[in-house]
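Dear colleague,

Please find below the structure that I am handing over to you. My notes on helix packing and pockets follow it.

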Amino acid sequence: MTADLSIRHAVEKDLGPLLDLYTHLAEGNAPYRLAQARDTFARFLRYEGSAIVLGEMEDLPVASCTVVVVPNLTRGAKPYALIENVVTHPLYRGYGFGKAVLDFATHHAWKQGCYKAMLLSGSQDPNILGFYQSAGFEQSKTGFQKRRTL
């Protein structure tokens, strides 16, 4: 069914539907004002090589992820990519759309000269971890994070 999926980089006119898709990212992830999203998106585009990947079925966003290309002073100055905000609309899960979006994102990273692409998942769900492994990611490093407390 992925043959019907079109994948491209998101542009500003996609923000409304993209924010709706993000409501399926995590519980309580409510969309915020479109004006604020436009400002954030404009700032995001200043990260050279970075993109929000958007998978659509009949012009409806059904899957997405963000890929950020980070300049690097090691590995021969080859950048690396961080993939975040991986989401597939619940009605479209199980068709390979998330994997297709991740494949697109990693190929984008390779075109940018990245030597690796990384993602973190807060999930311990074996199905979600298996999904990332089936998309070609290996669970080979230990991730840590420090969140800001208010």
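In this predicted model, Gly98, Lys99 and Leu102 of helix α3 are in contact with Phe131, Tyr132 and Ser134 of helix α4. By class, this contact comprises three nonpolar residues, two polar and one charged. The axes of α3 and α4 come within 10 Å of each other and cross at roughly 45°, which means that α3 lies oblique to α4. The crossing of α3 past α4 is right-handed.

Both of these helices also take part in the largest pocket, where α3 (97–111) and α4 (126–134) are among the elements that give two or more residues to the lining. The others are the strands β3 (60–70), β4 (80–88) and β5 (117–119). Of these contributions, that of β4 is the greatest, at seven residues. The pocket holds about 1800 Å³ of space and is lined by 50 residues, of which Leu119, Leu120, Ser121, Gly122 and Tyr132 are the closest to its centre. Tyr132 thus appears in two places, since this residue of α4 also belongs to the contact with α3. In terms of class, the lining consists of 22 nonpolar, 20 polar and eight charged residues.

A further helix pair is formed by α1 (residues 15–22) and α2 (residues 34–44), whose axes are 10 Å apart and which pack at an angle of about 100°. Because angles of 65 to 115 degrees count as roughly perpendicular, α1 is described as roughly perpendicular to α2. On the α1 side the contact is made by Leu15, Gly16 and Leu19, and on the α2 side by Leu34, Ala37, Arg38 and Phe41. Five of these residues are nonpolar, one is polar and one is charged.

The second largest pocket, with a volume of about 340 Å³, involves the same two helices, as α1 and α2 each supply at least two residues of its lining. Which residues are the closest to the centre of this pocket? Of the 17 that line the second largest pocket, they are Leu19, Tyr22, Tyr32, Thr40 and Asn85. Leu19 is also one of the α1 residues in the contact with α2. The lining of the second largest pocket has 12 nonpolar and five polar residues, and no charged ones, whereas the lining of the largest pocket includes eight charged residues.

With kind regards

Technical notes. Residues numbered from 1 in each chain as written. Predicted model: local features only at pLDDT ≥ 70, side-chain atom pairs only at ≥ 80, totals over all residues. Heavy atoms only, no water. Axes fitted to C-alpha atoms, helices over the stretch in contact; angles between N-to-C directions. Helix = DSSP H or I, 4+ residues; strand = E, 2+ residues; numbered from the N terminus. Parallel < 35°, antiparallel > 145°, perpendicular 65-115°, else oblique. Contact = heavy atoms within 4.5 Å. Nonpolar A, V, L, I, M, F, W, Y, C, P; charged D, E, K, R; others polar. 1 Å grid on protein atoms, 1.4 Å probe; cavity = no way out; pocket = protein on both sides within 12 Å on 5 of 7 lines; lining within 4 Å. Points joined across faces, edges and corners; volume = space filled by probe spheres on them. Left-handed = near helix turned anticlockwise from the far one by under 90°.
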